[in-house]
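This report describes the architecture, core, aromatic pairs and charged pairs of one protein chain. Please consult the sequence and the model while reading.

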Amino acid sequence: GVAGLSRLSRRGLAFVMTFMPVAAVVATLTHSAQAAANPSALPFASASAEPMAAQLLAAVFAAVALLSAASSLTPTALPLPGLPNLVLAAEFLTGTVFGAALGISGMLSPLKVSRFLDLSDVSQWDPAMIMVMGGAIGAALPIFQLICLKRAAKKQPPLLGGTFDLPSKADIDQPLLTGAVLFGLGWGLTGICPGPAITNLLNPEPYSALVFASAMAVGMRVSV
C-alpha cells in the first residue's frame, strides 16, 4: 500500500481502497479488537505482551534477515563488484529503520491495528494507523518520485548496482481486486500483515505466529 501510493500507482490506490474497507467491515463485524485484547483468543504480540525494547530488537533483526535473504536470492538485486560491504551496510540500515518504525509505532501489536479497524466501539478507536501510513507515504513519495522513478526512466541503475524492479502492469484487473479482498479479510480478522507476522516469529511463544506465517507463505506461493 505505501509503496504503491508513493509511486502514485492506480493499481496501488485501487488495492488500498479495496482492502481497507473490507478489513474495517470484517473487524467491526467480528469485534477483532476484543479478540486481540484477549491473549487466549489471539496469542500474538499484544500492546503489553513485551517490553518495547524487546519488540524493537526483534523487529530490527527480522527486517535485516528478511532484506538480506531477499537480496541474496534476487538476481536483479546483485551488487556491483567491490560493493558487497556497502550493500550490506545499506540493507542493515534499511532494516534497522524499518524495524524501529514497526516497534515505535506499535504496528507489531494486533490490538493496536484492530482498534483502528474495529469500529464497533468508537470510544476505543485508535487513529494511529492513519499517522503511520501518512508519515510513511510522506517519506517515501519524494524518494520514489525524485530519485527511483527518474533514474529508472533514464535507464540508470540504482546507486549500489542491480536494476529497479518496478511493476509493469497498470490495469486494475480481477486478480488485483481478489487479492485485495482476501488481504482485507485476513487483516481484519487478525490485525496482522506480513511484516509484523514475520517479526512475531521471534516472540517468546512463536507457535501461533509460525502457523500464521507458514499459511501466509503457502498462500503467496500458490498465488504466483
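Is Arg 11 buried or exposed? Arg 11 is buried, with a relative accessible area of 17%. The model is a predicted one, and the charged contacts of Arg 11 are taken up below, after the overall fold.

**Overall architecture**

The chain contains 10 helices and zero strands. Its pattern along the sequence is therefore α-α-α-α-α-α-α-α-α-α, where helices are numbered from the N terminus. Of the 224 residues, 34% count as buried. Among contacts between residues at least 6 apart in sequence, 73% join residues at least 24 apart. The accessible surface comes to about 12,800 Å², and carbon and sulfur atoms account for 73% of that area.

**The largest nonpolar core**

In soluble globular proteins, nonpolar side chains tend to be buried together. The largest nonpolar core in this model has 17 residues, and those that touch the most other members are Phe 19, Met 20, Val 113, Leu 117, Met 129 and Trp 187. Two or more residues come from each of the elements α2, α6, α7 and α8. Helix α2 gives the most, with five residues.

The surroundings of Met 20 show how residues distant in sequence meet. Leaving aside residues up to four places away in sequence, Met 20 touches Phe 116, Leu 117, Met 133 and Trp 187.

Helix α6 spans residues 110-117 and is mostly covered, with six of its eight residues buried. These buried residues are Pro 110, Leu 111, Val 113, Ser 114, Phe 116 and Leu 117. Two of them, Val 113 and Leu 117, are also among the core residues that touch the most other members. Lys 112, which lies in helix α6, is partly exposed, with a relative accessible area of 26%.

**Aromatic pairs**

A pair of aromatic rings is described by the distance of the centres and the angle of the planes. The count for this model comes to six aromatic pairs. In one of them, the ring centres of Phe 15 and Phe 183 are 6.1 Å apart and the planes are at 45°, so the pair is tilted. Phe 15 belongs to helix α2 (residues 10-30) and Phe 183 to helix α8 (residues 174-190), so this pair ties together parts that are 168 residues apart in sequence. Both residues are partly exposed: Phe 15 has a relative accessible area of 22%, and Phe 183 has one of 25%.

Ring pairs also join Phe 15 and Phe 183 with Phe 19 and Trp 187 in a cluster. Phe 19 and Trp 187 are in turn among the core residues that touch the most other members.

**Salt bridges**

Side chains of opposite charge can pair when their charged atoms come close. Three salt bridges are counted in the model, as listed here.

| Acidic residue | Basic residue | Closest N to O distance |
|---|---|---|
| Asp 173 | Arg 11 | 3.4 Å |
| Asp 126 | Lys 112 | 2.9 Å |
| Asp 173 | Lys 169 | 2.6 Å |

Through shared partners, the salt bridges join Arg 11, Lys 169 and Asp 173 into one network. Within this network, Asp 173 counts as buried at 14% relative accessibility, whereas Lys 169 is partly exposed, with a relative accessible area of 46%. The salt bridge between Asp 173 and Arg 11 links distant parts of the chain: Asp 173 is in the loop between α7 and α8, and Arg 11 is in helix α2, 162 residues apart.

The salt bridge of Lys 112 with Asp 126 acts over a shorter span of sequence. Lys 112 is in helix α6 and Asp 126 in the loop between α6 and α7, so the pair ties together parts that are 14 residues apart in sequence. Asp 126 counts as buried at 16% relative accessibility.

**A nonpolar surface patch**

Which residues make the nonpolar surface patch of about 530 Å²? The patch is made by Leu 119, Val 122, Trp 125, Ile 130 and Met 131. Met 131 lies in helix α7 (residues 128-153), and this residue is exposed, with a relative accessible area of 60%. Helix α7 thus has a residue in the patch, and it is also one of the elements that give two or more residues to the largest nonpolar core.

How values were computed. Residues numbered from 1 in each chain as written. Predicted model: local features only at pLDDT ≥ 70, side-chain atom pairs only at ≥ 80, totals over all residues. Heavy atoms only, no water. Patch = residues over 30% accessible without salt bridge, like charges linked within 9 Å, V, L, I, M, F, W, Y side chains within 5 Å. Areas by Shrake-Rupley, 256 points an atom, 1.4 Å probe, with all protein chains shown as cover. Salt bridge = Lys/Arg side-chain N within 4 Å of Asp/Glu carboxyl O. Helix = DSSP H or I, 4+ residues; strand = E, 2+ residues; numbered from the N terminus. Buried < 20%, exposed > 50% of the residue type's maximum accessible area, 1.4 Å probe, protein only. Phe/Tyr/Trp six-rings, centres within 6.5 Å; stacked < 30°, edge-to-face > 60°. Core = buried A, V, L, I, M, F, W, Y, C linked by side-chain atoms within 4.5 Å. Contact = heavy atoms within 4.5 Å.
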